[in-house]
Amino acid sequence: MLARHDAMRLRRRILSQGGATAPDSTPASYDGAADQQLITQYLGLVTPFGDLIARLYDEMFARWPYLRSLFPEGMDFQRAHLARAFWYLIENLHRPAEVAAYFRQLGHDHRKLGVRPVHYEAFEAALCAALRSTAGPRWAEAAEQAWVRMLRFAVASMVDGADAALAEPPCWQGTVTAHQRRSPDLAVLRIRLPEPYPYRAGQFAAVESPLIPQAWRHYSLASAPGPGGEVELHVRCTGPGGVSEALVSGTRVGDILRLGPAHGTMTLREEDRSRDLLMVAGGTGWAPIKALLEEWVGRRRGTGGLPQRPAGRVDLFVGARSRAELYDVAALTRLAARHDRLRVVQVLDVDVVPENVGPPAAYSPLAEAVARHGQRSHHCAFVSGPPAMVGATVARLTAAGMPADHIRHDPVPAPLIPPADGRAA
Ligand SMILES: NC(=O)C1=CN([C@@H]2O[C@H](COP(=O)(O)OP(=O)(O)OC[C@H]3O[C@@H](n4cnc5c(N)ncnc54)[C@H](O)[C@@H]3O)[C@@H](O)[C@H]2O)C=CC1
């Protein structure tokens, strides 16, 4: 109720405001292209965004100290996340319908953080102060108004997304029922959720450990939905101090974790039942592919997955740095044994002796192996793993004639670089 009241108050304020003409959340009513032009014209004064974002948070926490508790102790990830959101907004503002859909989902997801619409007002005030102090005397009122309109458009979409999800919990609490260290830096966890947790095989969710409150990181759900109410996560710790380290090294059976709502479009569709599928998994990118395969082999037929046994074949490519890094072989073998139309190819980096290739980021043994195994333009492909591997595999498949709309993968995080046409005033 409180959230709805806040939302209505914010919407009234947004719609009745003077100064920057405030768009509502209807994409058709917002001239994003005009604001994009204005913002781009003065972008050089406030980029790179590191300084702007540091000032924004300093300003916000100085004026509203209680808001600090909504954020994790370490703000690096948060700052990078906000920089990406700004770039996403600015680059896509001429496509307001797309931007609105993106921020509606973000608003749905942000309910777990305890963010209320009133907090967006504080954010806007802090942003304006930070824009002015970062840009200096060459800043223009028109540019600031364009930023405000852009922000309000995004916020109105977030409020819509949060409102639409009021009937479901902001997040789900689960108990860890199994925690297996498959290698020093990798763990497979199972979590039991007492409340129904709606998701599809192939989706991902934000996860929070009580060891690092308010720091949420995305992991794929590595099991298809089933009657037991358990989900599986595959977590690799790539450095100290993060959520992955807390989940791999600091978590035990019986601990409580929180999960946000599931998202993602890398799911099986009805028409996939009769199609031949190509699945490509690198490292812990195996997690969503495992869930998809569980659904595909029909282990849980009639429980929200595919209604009948599929007629097509699956070619599955699993990549790892070495044999020791193939951390889920038993599950892979079990799945392969359940279906004679599933063909598994393992690709180990150590088996490959690349010739005339550049640094690791420029070369993907897994993508090469997929490309070598023949024409698949009629297949539908699911690709999951490190961003460079996903990029290389998608490029190979597209070059081999697979239509782009036959290839599904999770969003690949954009690098923190400005758009090529960003210009200074
Ligand atoms: N944990 C999860 O639920 C999920 C994780 N992911 C992502 O999958 C990735 C898995 O990481 P790790 O297990 O550490 O993978 P890894 O470093 O062990 O690599 C796994 C595979 O990816 C290939 N690869 C690695 N770096 C590459 C590069 N720069 N260019 C081309 N190919 C490359 C390797 O050849 C290998 O076949 C992470 O980026 C993670 O964000 C994706 C989906 C779900």
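**Exercise 1. State which residues UniProt assigns to the feature "domain: Globin", and describe the secondary structure there.**

Solution. The UniProt record, an unreviewed entry, places "domain: Globin" at residues 30–163; such annotations may be inferred rather than shown by experiment, and the positions follow the numbering used here. The model is predicted: local features need pLDDT of at least 70, side-chain atom pairs count only at pLDDT 80 or more, and totals for chains, interfaces and linings use all residues. Residues are numbered from 1 along each chain as its sequence is written. Over residues 30–163 the chain is 74% helix and 0% strand, where helices (H or I, at least four residues) and strands (E, at least two) are DSSP runs numbered from the N terminus. The end C-alpha atoms of this stretch are 21 Å apart.

**Exercise 2. Determine the strand order of the open sheet that contains S9 and S8, and identify its edges.**

Solution. Step 1: five strands form the sheet in the order S9-S8-S7-S10-S11, with parallel pairing; two strands pair if DSSP finds at least two bridges between them. Step 2: S9 and S11 (407–409) each pair on one side only, and are therefore the edge strands. Step 3: from one strand to the next, the twist averages 15 degrees.

**Exercise 3. Trace the pairings of S8 and the connection from S8 to S9.**

Solution. Step 1: S8 (residues 314–320) is joined to S9 (residues 342–348) by 7 bridges, and Asp315 has Arg343 in S9 as its bridge partner. Step 2: the chain passes from S8 through helix H10 (residues 329–338) to S9 in a right-handed β-α-β crossover, meaning that, with the strands pointing away from the viewer, the path from the first strand over the helix to the second runs clockwise. Step 3: 6 bridges join S7 (residues 277–282) to S8 in parallel, and Ala281 stands opposite Val318 in S8.

**Exercise 4. Describe how helix H12 packs, and name its buried residues.**

Solution. Step 1: H12 (residues 387–399) packs on the sheet, touching S7, S10 (380–384) and S11; a contact requires C-beta atoms, placed from the backbone, within 7 Å. Step 2: the direction of H12 makes about 160 degrees with that of S10, the axes being lines fitted to C-alpha atoms, for helices over the stretch in contact, and angles running from 0 to 180 degrees between N-to-C directions. Step 3: Met389, Val390, Ala392, Thr393, Val394, Arg396 and Leu397 are buried, that is, 20 or more other C-beta atoms lie within 10 Å of their own. Step 4: the buried residues of H12 pack against S7, helix H11 (365–372), S10 and S11.

Technical notes:
Two residues are in contact if their C-beta atoms, placed from the backbone, lie within 7 Å. A residue is buried if 20 or more other C-beta atoms lie within 10 Å of its own, exposed if 12 or fewer, and partly exposed in between; C-beta atoms are placed from the backbone.
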